Amino acid sequence: MIDEQESITAKLCSFARAFHSNYGENKIYDDYLAFDLMGKKQYEEMGQLIQNGFNRKLFDEKKWFNHKYIQESVYNYMLPIPLSRISFACNELSAFAKKHSAGGKKIQYVICGAGMDSFAFRNTNENIHVFEIDHPDTQKYKKERIKELDWMLPRNLTFVPVDFTKDSLKEKLIKSGFDSSVPTFTAILGVSYYLELKVFEETLKIISELTDTESRIIFDFPDETTLSAEAAARVKKLAQITANLGEPMVKGFSLKEISEALERHSLRIGNHESPDDIQRKYFAGRKDSLRAYENVHFIRAEKIG
């Protein structure tokens, strides 16, 4: 089992990718290795969690969840954010790699809070060196799953175990072979929802200091409507779900606050996708109930100057 250091919401995001890849029509993003990497036991646990109204005490390893009983919750609450942001990340990384890895040049892809991300095993560009940052216990579980699946570890994959309660991200990255002179693409997804801005900003600061002028950082964030009385009903419900799971959303941020935080560390917004942009790019024209969250934004940040 994954140590409690890995969040339940992270497991639910893994479940969402696996569920959509197995059952989704007109796929937003096909993470076809998500189910294998997550494992049947973890997948079943998350499915039961959703079916049981997110009550963790009701899990029964002798039972199986029924897909038809969770579909409404999955489509309304679980799928929209993970699917759209992984598609956003893929599009941004693809453009970055096309520009910087042409002619065999090396680039680096840093995934903060990688969890059960399967990109390194789906990646066909050998010029992308992947650094997966996560808690040691999470990485231990992932390595065990890889061994059980008899998958070969890609040569261009490096695990960077970081316990943020006692480790320095900067020191751990450098010790792992990270090269500050190489163009780097960093993804910090699903993190800002649970942190005060000053805490999230510290990670932006470290990455900015470690990377060169050609590097880029992408992240998602909840806006200032998230915990307000005017928040959309679905947003309020999601906030309630995460709080009940012991991972309450701390607050939301205005675009101005995000922009100012970036500028404090020699960064600026290079691309901003608003909820309307996300709806148009990833969900328009769908026959199912999938639609963008009303409070979620995507950002690509770049160095100033």
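Me: Why does the sulfur of Cys13 form no bond with the closest cysteine sulfur?
Reply: The closest one is in Cys112, 15 Å away. A disulfide needs two cysteine sulfurs within 2.5 Å. So 15 Å is too far for a bond. Keep in mind that this is a predicted model.

Me: And why is the sulfur of Cys90 not in a bond?
Reply: The reasoning is brief. Its closest cysteine sulfur belongs to Cys13, at 17 Å, which is too far. The structure holds 0 disulfides.

Me: Is Cys13 buried or exposed, and how do you know?
Reply: Cys13 has 17% relative accessibility. Buried means under 20%. Therefore Cys13 counts as buried.

Me: What makes Cys90 count as it does for accessibility?
Reply: Cys90 stands at 33%. Buried ends at 20% and exposed begins over 50%, so a value in between is partly exposed. Cys90 is therefore partly exposed.

Me: On to the aromatic rings. How many aromatic pairs are there?
Reply: The count comes to 15. One of them joins Phe15 and Phe65.

Me: What makes Phe15 and Phe65 a pair, and which kind of pair is it?
Reply: Their ring centres are 5.9 Å apart, and the planes differ by 65°. A pair needs centres within 6.5 Å, and planes over 60 degrees apart count as edge-to-face. So the Phe15 and Phe65 pair is edge-to-face.

Me: Which parts does the pair of Phe15 and Phe65 tie together?
Reply: Phe15 lies in helix α1, residues 8-23. Phe65 lies in the loop between α3 (40-51) and α4 (67-78). The pair therefore ties together parts that are 50 residues apart in sequence. Phe15 is buried at 0% relative accessible area, and Phe65 is buried at 8%.

Me: Why is the pair of Phe19 and Tyr23 called tilted?
Reply: The centres are 5.3 Å apart, with 45° between the planes. Under 30 degrees would be stacked and over 60 edge-to-face, so the rest are tilted. Both residues lie in helix α1, 4 residues apart, about one turn of the helix. Phe19 is buried at 4%, while Tyr23 is partly exposed at 45%.

Me: Which residues form one aromatic cluster with Phe15?
Reply: The cluster consists of Phe15, Phe19, Tyr23, Phe35, Tyr43 and Phe65.

Me: How do you know whether Thr158 is buried or exposed?
Reply: Thr158 has a relative accessible area of 16%. The limit for buried is under 20%. So Thr158 is buried. The residue sits in strand β3, residues 157-161. Leaving aside neighbours within four places in sequence, Thr158 is in contact with His129, Val130, Phe131, Glu132 and Ser176.

Me: Now the helices. How are α1 and α5 oriented, and what shows it?
Reply: Their axes cross at roughly 80° and come within 9 Å. Angles of 65 to 115 degrees count as roughly perpendicular. That makes α1 roughly perpendicular to α5. On the α1 side, Cys13, Ala16, Arg17 and His20 make the contact. On the α5 side, Pro82, Leu83, Arg85 and Ile86 do.

Me: What about α5 and α12: how are they placed relative to each other?
Reply: These two pack at about 80°, with axes 11 Å apart. That angle falls between 65 and 115 degrees. They are therefore roughly perpendicular to each other. Pro80, Ser84, Ser87, Phe88 and Asn91 of α5 meet Ile278, Tyr282 and Phe283 of α12.

Technical notes. Residues numbered from 1 in each chain as written. Predicted model: local features only at pLDDT ≥ 70, side-chain atom pairs only at ≥ 80, totals over all residues. Heavy atoms only, no water. Buried < 20%, exposed > 50% of the residue type's maximum accessible area, 1.4 Å probe, protein only. Phe/Tyr/Trp six-rings, centres within 6.5 Å; stacked < 30°, edge-to-face > 60°. Contact = heavy atoms within 4.5 Å. Axes fitted to C-alpha atoms, helices over the stretch in contact; angles between N-to-C directions. Parallel < 35°, antiparallel > 145°, perpendicular 65-115°, else oblique.
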